[in-house]
Amino acid sequence: MYDTKEITWAAQLACIFEVCAKKPGNVHVEGAFSDSNPFDFFAGAVAMGTSFQRLDELSVGELVLCCIKDKSKLTSTNVNLGILLLLAPLCKAARSCEADGSFDAIRSSLEDVLDNLTEGDADCVYEAIRLSGAGGMGKVERYDVSQARAGIPLKQAMAEAAHRDSIAREYVTNFSVTFEISLPAIWEALNKGLSMRDAIVQAFLTILSEVADTLIARKLGITEAAKVSKRAAEVLKTGGLYSATGKAAVRKFDLYLRRIGNKRNPGTTADLTVSGLFLYLLDCIHKGALPSLIKRW
């Protein structure tokens, strides 16, 4: 099994690395929103530590809820609910599988974790969503998060929301975006010589080009979300982070996304970047390769 410390470090560092990279349309070290800044995200990463050290005793839902409660003592901004919903099952899976350097082993273990989620997990997640003050959730007829009790296991609750939320969809596809787009994009970018910060942005653009951001869709509609994905694909065609022309296109794309009060913020894409980054960093930490990776920042 992966060591609890390794898993915790990878989770916290993934959150920190992600917000330090200048991803278009998101909060980063040189770009804040009116209601959040990089230090909110740093605080959220720090707050995860205590609960993640209790991986062996907390369920997925309890882990999410405990982290949200701890986060609220450090920042009032909802900075990591989506991240926690992705990382909690991934961390439980890493803890229960053989640390053989195979991401397939984690994904196989993850399938068992997701299949064994309970109503209790759903109740905890519903409470975490309410405590986080997550906006734009809307109202649905069945199993709405405003209910005190979910009434169904967490995986089923996620299935109910999968058509409108990419994070929920991960629960019913065994984290297909994380394993099939996010992680490979990070791996490829680093293997092609990009710095860590540029590799994160390149991966972010890759995910966004292939998966319409559901946070944007909830705010502005799926048509607008699709337009944003098309523009991300166009940025990649210019070279992305591999060329001066591409980097100029990234900066222009960032300005476009930040108009109209940041409603085009691809926040769900940022969360999905973190989940792939977590897996990559966990592997590096386990192999003792993180110090050299950090030198490539």
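This passage walks through two helix contacts, a cavity and a pocket in a predicted model.

A good place to start is helix α15, which spans residues 267–287, and its meeting with helix α4, residues 81–96. The axes of these two helices come within 9 Å and cross at roughly 25°. Because angles under 35 degrees count as roughly parallel, α4 is described as roughly parallel to α15. The crossing between α4 and α15 is right-handed. On the α4 side, the contact is built from Gly-82, Ile-83, Leu-86, Leu-87, Leu-90, Cys-91 and Ala-94. Facing them from α15 are Asp-271, Leu-272, Val-274, Ser-275, Phe-278, Leu-279 and Leu-282. Sorted by class, the residues of this contact comprise 11 nonpolar, two polar and one charged.

Helix α15 also meets α10, and here too the axes come within 9 Å, with a crossing angle of roughly 125°. That angle makes α10 oblique to α15. The α10–α15 crossing is right-handed. From α10, the residues taking part are Met-196, Ile-200, Phe-204, Ile-207 and Leu-208. Their partners in α15 are Thr-269, Ala-270, Leu-272, Thr-273 and Leu-277. This contact holds eight nonpolar and two polar residues, with no charged ones. A reader following Leu-272 of α15 will find this residue in the contact with α4 and again in the contact with α10.

Attention now turns from the contacts to the enclosed space. The structure holds one cavity of 30 Å³ or more, and the largest cavity contains about 30 Å³ of space. Its lining is made up of Cys-15, Glu-18, Phe-41, Gly-44, Ala-45, Val-79, Asn-80 and Ile-83. Two elements, α1 (4–20) and α2 (38–52), each give two or more residues to this lining. Of the elements, α2 provides the largest share, three residues. The lining of the largest cavity divides into five nonpolar residues, two polar and one charged. Ile-83 links this part of the picture to the helix contacts: this residue lines the largest cavity and belongs to the α4 side of the contact with α15.

The second largest pocket offers an open space to look at, with a volume of about 370 Å³. Thirteen residues line this pocket, and those nearest its centre are Lys-22, Asp-198, Leu-241, Val-250 and Arg-251. Helices α10 (196–210) and α13 (244–257) each supply at least two residues of the lining. The largest share, four residues, comes from α13. By class, the lining of the second largest pocket has seven charged residues, five nonpolar and one polar. Helix α10 therefore appears twice in this account, as a helix (a DSSP run) that helps to line the second largest pocket and as a partner of α15.

Definitions and conventions. Residues numbered from 1 in each chain as written. Predicted model: local features only at pLDDT ≥ 70, side-chain atom pairs only at ≥ 80, totals over all residues. Heavy atoms only, no water. 1 Å grid on protein atoms, 1.4 Å probe; cavity = no way out; pocket = protein on both sides within 12 Å on 5 of 7 lines; lining within 4 Å. Points joined across faces, edges and corners; volume = space filled by probe spheres on them. Nonpolar A, V, L, I, M, F, W, Y, C, P; charged D, E, K, R; others polar. Axes fitted to C-alpha atoms, helices over the stretch in contact; angles between N-to-C directions. Parallel < 35°, antiparallel > 145°, perpendicular 65-115°, else oblique. Left-handed = near helix turned anticlockwise from the far one by under 90°. Contact = heavy atoms within 4.5 Å.
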